[in-house]
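Please open the model in a viewer and keep the sequence panel at hand. The tour proceeds from the whole chain to one helix and then to the surface.

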Amino acid sequence: MAGVRRTLSTIATAGALGAGGAVVWGVGIERHLFTVRRHEVHVLPEGSPSITVMHLSDAHMAPWQQRKQRWIAELAETTQPDLVINTGDNLGHARGLAGIRRAFAPLRGVPGFFVHGSNDVFEPSARNPLRYFTGPSRHAKAAPKLDTAAMDSFFAEDLGWSELDNAAAAVRVAGMRIDGVGVDDAHRDWDDLDVLPGALAALQGRRSADLTLGVTHAPYRRVLDRFVDLGADMVFGGHTHGGQVRIPFASRALVANCDIPLDQARGLSSWGADRVPLNVSAGLGHSIYAPVRFGCRPEASVLVLRARA
C-alpha cells in the first residue's frame with residue numbers, strides 16, 4: 001500500500017507541475033507571441049492585379065499593452081496592405097483608444113472597412129470562463145460605456161475607413177471597386193439582416209462591384225448565410241479568439257462563443273454550397289479579466305487576393 005500511495009503522490013505532483021507550467025506559459029508567454037496567419041485566395045476577376053488585405057480583430061486594447069501596439073504598427077509598416085478589414089472589439093479598457101491610435105497610425109490612408117463588437121461599446125466585465133462551455137456568453141446588465149464615437153471618428157476621419165454596421169459601402173483598390181456589406185455585433189443581436197439587401201442594392205445601382213466582401217464581428221451562421229445569399233465573394237469574422245485556450249495542434253476549438261462549427265473558429269475555410277472563402281481571425285488580444293492564450297497565439301491575418309484562374 002505504501003508503494004501505491006507513493007505512486008499516486010508522484011502522479012498528483014506531476015499533474016500539478018504540468019498544470020502550473022501550462023498556466024505560466026499561457027499567462028506569461030504565449031499571449032505575447034504575436035503571429036501572422038498568411039493565405040492566398042483566388043477571388044478576384046480574371047486578369048485583376050493581386051491585392052493584399054490585412055485582417056485585424058479583437059485587439060481588446062488596454063493602454064499598458066505597448067508590446068502589442070508596437071507589433072501591430074510594425075506589421076502594418078512592413079506589410080503595406082492595400083485594404084484593411086477590422087472586425088471589431090478594438091477596445092479593452094476605458095483608455096484603450098490611445099493604444100489603438102498608436103498601433104493603427106501606419107494604416108492612415110489605406111482604404112478599410114470596420115464593424116463593431118460589443119467591446120467597442122461597453123467595457124469588459126469579469127466572467128466565469130467555465131460558462132463558455134455551456135454556450136455563447138451573456139453580458140453584464142450595466143457595464144460602463146466606452147467612447148465609441150471617438151474611436152469611430154479616428155477610423156473614419158483619420159484613417160479613412162468605412163463603417164459597415166448594418167450597412168454597405170464601396171472603396172477603390174488597384175483600379176477595382178470593392179463593395180463591403182456588414183452587420184453590427186450579432187453576439188448582442190445588434191445585427192439587422194433585413195436592411196442588407198436594400199443597402200447593397202442602393203450601393204451597387206446598375207453596376208456590380210469587382211469584389212463584394214461580407215464583414216461581421218461575430219460569425220453566427222445566420223449572418224454568414226445572408227452574406228452568401230447576397231453574393232459575397234469572401235467573408236471576414238472575428239469574436240471567437242480561436243477558442244483562446246486550445247488543445248495544442250487540435251483542428252477544433254474547445255469553444256467558439258457563437259454557433260460557428262468549432263473546426264472553423266480560426267483561420268481560412270469556406271461557407272455554404274458555393275464554398276465562399278471565410279476567414280475567421282483568432283484575434284490579437286483577450287479580455288483584461290482573462291489574460292491567457294494557450295495553444296492559440298494572438299494573430300493578425302495577411303491575405304493576398306489573386307485573380308481566379
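**Guided tour**

Begin with the entire protein: of its 309 residues, 51% are buried (under 20% relative accessible area; exposed is over 50%, partly exposed in between; 1.4 Å probe, protein chains only). This is a predicted model, in which local features need pLDDT of at least 70, side-chain atom pairs count only at pLDDT 80 or more, and totals for chains, interfaces and linings use all residues. Residues are numbered from 1 along each chain as its sequence is written, and side-chain values use heavy atoms, with hydrogens and water left out.

Next, colour by secondary structure. Six helices and twelve strands appear (DSSP runs numbered from the N terminus: helices H or I, at least four residues; strands E, at least two).

Now select residues 96-104, helix α3. Its buried residues are G96, L97, G99, I100, A103 and F104. Viewed down the axis of α3, they fall within an arc of 155° and so line one face of the helix (the arc is that of the directions from the helix axis to the C-beta atoms). Add β2 (51-56), α2 (66-79), β3 (83-86), α4 (148-159) and β5 (161-163), against which the buried residues of α3 pack (contact: heavy atoms within 4.5 Å).

Finally, select L254, in the loop between β9 (234-237) and β10 (267-271). L254 is partly exposed, with a relative accessible area of 36%.
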